[in-house]
Amino acid sequence: MAGPLNLRRHRPGDCPDLFVARGGVTDTGKKLYTEETPVTDKMKIIMEHLLETQVPFSKSQMTRIYYAAKGLPVPSTGEEYDLEKELPGLLGWRLIKINPVKGLDFKITDLDKSSRNSVREFTGGDTKLLSSPTTAKEIIRQFFVANNALFNAQQNMHLDLKAANKFDVEDNELAAVFDKRNIPIKKYGPLFEGQFKPYVPSE
């Protein structure tokens with residue numbers, strides 16, 4: 001279930017439908033320049049595109065607002081616009097739909113990476129704790145370092161899950177994402193409850 005809409009201020013250079021990495025192709029498939037286009041010409045084309053589509057009160061924006069106010073589709077494309085979503089653009093804002101469920105996949109990937117790195121603070125890395133003579137003090141220190149990092153990683157995921165609830169996303173919807181990735185409930189359950197599961201070294 002997608003969450004509500006969120007407002008984000010346009011930043012200088014924030015052009016969501018034009019990327020150099022795409023070779024100057026907009027999100028509608030229009031090619032504005034090629035790899036052979038001189039750099040100065042590319043910059044001119046990009047600036048003209050920004051003025052045409054991104055700057056508040058641009059022609060394209062006023063066109064969308066006009067047809068949205070009339071409740072009519074744009075004749076050339078048949079696309080329909082929502083006035084409530086278009087008006088914030090006059091102030092340089094744009095609406096972004098928040099989808100916590102979709103974003104959770106990335107959060108889980110980040111958690112896995114952070115968890116591995118946390119444990120590595122004890123089992124590997126520059127300390128070489130398990131492969132060279134060490135003192136009890138060094139072992140205790142690295143055990144604390146590893147679990148402190150692991151605590152932060154789990155806490156961040158717990159806060160992300162609670163934040164998703166604020167957008168009317170139920171826990172069962174979030175749990176389904178973990179289930180889809182074959183993560184057992186005994187592993188992700190504590191994340192919902194806010195219970196820390198520390199790293200415990202083997203014998």
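Here are some worked exercises on this protein, which is a predicted model.

**Exercise 1. Find out how many helices and strands the protein has, and in what order they run.**

Solution. Start with the totals: there are seven helices and four strands. Next, read from the N terminus, where the order is β-β-β-α-α-α-β-α-α-α-α. To round off the overview, 29% of the 203 residues count as buried. Finally, take the contacts with a separation of 6 or more: 60% of them join residues 24 or more positions apart.

**Exercise 2. Work out which residues touch the most other members of the largest nonpolar core, and which helices supply it.**

Solution. This core has 17 residues, and those touching the most other members are Leu 104, Met 157, Leu 161, Leu 174 and Phe 178. Now turn to the helices: α4 (100-123), α5 (136-166), α6 (171-180) and α7 (185-193) each give the core at least two residues. Then zoom in on Leu 104. Setting aside residues up to four places away in sequence, Leu 104 touches Met 157, Leu 161, Leu 174, Val 177 and Phe 178. As background, nonpolar side chains in soluble globular proteins tend to be buried together.

**Exercise 3. Decide how α5 is oriented relative to α6, and name the residues that make the contact.**

Solution. First take the geometry: the two axes come within 9 Å and cross at roughly 135 degrees. An angle over 145 degrees would count as roughly antiparallel, and 65 to 115 as roughly perpendicular. The crossing falls in neither range, so α5 is oblique to α6. On the α5 side, the contact is made by Met 157, Leu 161, Lys 162, Ala 164 and Asn 165. From α6 come Asp 171, Leu 174 and Phe 178.

**Exercise 4. Locate His 158 and say which backbone oxygen its side chain reaches.**

Solution. Begin in helix α5, where His 158 sits. Its side chain reaches the backbone oxygen of Leu 191 at 2.8 Å. Beyond its neighbours within four places in sequence, His 158 is in contact with Leu 191, Phe 192, Glu 193 and Gly 194.

**Exercise 5. Classify the aromatic pair of Phe 151 and Phe 196, and determine whether each residue is buried, partly exposed or exposed.**

Solution. Six aromatic pairs are counted in total. In this one, the ring centres are 5.4 Å apart with 80 degrees between the planes, and the pair is edge-to-face. Phe 151 belongs to helix α5 and Phe 196 to the segment after α7, 45 residues apart. For accessibility, partly exposed runs from 20% to 50%. Phe 151 is at 37% and therefore partly exposed; Phe 196, at 32%, is partly exposed too. Elsewhere, Phe 122, Phe 143 and Tyr 199 form one aromatic cluster.

Technical notes: Residues numbered from 1 in each chain as written. Predicted model: local features only at pLDDT ≥ 70, side-chain atom pairs only at ≥ 80, totals over all residues. Heavy atoms only, no water. Core = buried A, V, L, I, M, F, W, Y, C linked by side-chain atoms within 4.5 Å. Buried < 20%, exposed > 50% of the residue type's maximum accessible area, 1.4 Å probe, protein only. Contact = heavy atoms within 4.5 Å. Phe/Tyr/Trp six-rings, centres within 6.5 Å; stacked < 30°, edge-to-face > 60°. Polar contact = N/O pair within 3.5 Å; in protein donor to acceptor, adjacent residues only side chain to side chain. Axes fitted to C-alpha atoms, helices over the stretch in contact; angles between N-to-C directions. Parallel < 35°, antiparallel > 145°, perpendicular 65-115°, else oblique.
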